[in-house]
Amino acid sequence: MTNNSADHHPGNSVAEGSYEGDFGCSVMDLRNLMELRSSEAVTRINDTYGGVHNICKRLKTSPIEGLSGNPADLEKRRQAFGQNFIPPKKAKTFLQLVWEALQDVTLIILEIAAIISLGLSFYHPPDGDNEICGEAKGSAEDEGEAQAGWIEGAAILFSVIIVVLVTAFNDWSKEKQFRGLQSRIEQEQKFTVIRKGQVIQIPVAEIVVGDIAQIKYGDLLPADGILIQGNDLKIDESSLTGESDQVKKSLDKDPMLLSGTHVMEGSGRMVVTAVGINSQTGIIFTLLGAGEGEKEKKIKKGKKTGAPENRNKAKTQD
């Protein structure tokens, strides 16, 4: 599954078009199904859908031949089930990084010390008090030191500003490099699927619901799916569940395969049932705030489309 930095991908979420009715399963049906595990999942697959092969029929795909690869069909699936793409968390601005750098406890103490030093350097007691106390006027050298007392506080503040700017720039540069590297890796990452009966490799971002994916030892699963055929398949699900033990996958015990997990042993084939933010990894990213920007866009779209509808309803009621 990709977590790209681009924000122009259409149809990243559920059924933005009217194509969902063309398939026998909705996005929410598949999402709810992928939340189940072990025997509960097997029971739901068999009782509700009549087995994994019937799920393939509902998704209009062949467990052996895979999808036809027709561009119109692939686009219809992207509109109905979303793309294999997770909107990235909005990058922090340079000013936000500056503000975060200022939260360092040591720098806060230095800032307070600098302010106190500057305040004391500009404070001069009245001359009358000195005469009452019998204090003699300081020498010219003392007066010079008093006039230059602000330099110490200013130097501390200047040092704090330099440290904050350097820290913020380093963080900004690291984040920029990381996002560029991540984007390049995702563009080059490919996965094996079956289309038109041929085994091909396609970019992870082009995987759609209904694809028949071949999985093998060492693979990082790019989407959620249901096992069609497996051979001593063991999966490391610690990235999602925290369980260190490898989970054995089979058709009769636990056929659910989750995005973001690693194939540790064996091989097999699965039908892709959820991609992008509708996959289990995508749901977690969304909860953590990775999809906040995408949600805000959809809310704005909903408000724009909802306002005329409300006005039309009001007119009809009048």
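Is Arg-58 buried, partly exposed or exposed? In this predicted model, Arg-58 is partly exposed, with a relative accessible area of 31%. That value lies between the 20% under which a residue counts as buried and the 50% over which a residue counts as exposed, so Arg-58 takes the middle class. The residue belongs to helix 3, which runs over residues 52-58. Once neighbours within four places in sequence are left aside, the contacts of Arg-58 are with Phe-23, Gly-24, Cys-25, Thr-48 and Tyr-49. One of these partners, Cys-25, is 33 residues away along the chain, yet the C-alpha atoms of Arg-58 and Cys-25 are separated by 6.4 Å.

A second arginine, Arg-195, offers a useful companion case. Arg-195 is found in strand 1, made of residues 190-195. With a relative accessibility of 10%, Arg-195 counts as buried, because this value falls under the 20% limit. What surrounds this side chain can be followed in some detail. Not counting residues up to four places away in sequence, Arg-195 touches Glu-65, Leu-67, Gly-69, Leu-74, Ile-200, Ile-202, Glu-206, Val-208 and Asp-211. Two of these neighbours also appear in polar pairings. The side chains of Arg-195 and Asp-211 are joined by a polar contact of 2.7 Å, while a polar atom of the Arg-195 side chain lies 3.4 Å from the backbone oxygen of Glu-206.

Attention now turns to the nonpolar surface. Phe-94, Leu-95, Ile-161, Leu-165, Phe-169 and Trp-172 make a nonpolar surface patch of about 590 Å². Helix 5 (94-101) and helix 9 (150-188) each contribute at least two residues to this patch. Helix 9 supplies the largest share, four residues. Leu-165, one of the patch members, is placed in helix 9. Leu-165 has a relative accessible area of 38% and is therefore partly exposed; membership of a patch calls for over 30%, so Leu-165 passes that limit.

The UniProt record adds an annotation that can be set beside these features. In an unreviewed entry, the label "transmembrane region" is given to residues 97-120 and 148-169. In the model, the span 97-120 is 88% helix and 0% strand, and the C-alpha atoms at the two ends of that span lie 31 Å apart.

How values were computed: Residues are numbered from 1 along each chain as its sequence is written. This is a predicted model: local features need pLDDT of at least 70, side-chain atom pairs count only at pLDDT 80 or more; totals for chains, interfaces and linings use all residues. Side-chain values use heavy atoms; hydrogens and water are left out. Patches are made of residues with over 30% relative accessible area and no salt bridge: like charges are joined within 9 Å, nonpolar side chains (Val, Leu, Ile, Met, Phe, Trp, Tyr) within 5 Å. Accessible areas come from the Shrake-Rupley method with a 1.4 Å probe; for residues, only the protein chains shown count as cover. A salt bridge is a side-chain nitrogen of Lys or Arg within 4 Å of a carboxyl oxygen of Asp or Glu. Buried means under 20% relative accessible area, exposed over 50%, partly exposed in between (1.4 Å probe, protein chains only). UniProt positions are given in the numbering used here, feature names are shortened, and annotations may be inferred rather than shown by experiment. Contact means heavy atoms within 4.5 Å. A polar contact is a pair of N or O atoms within 3.5 Å; within protein, one must be able to donate a hydrogen and the other to accept it, and residues adjacent in sequence count only if both atoms are side-chain atoms.
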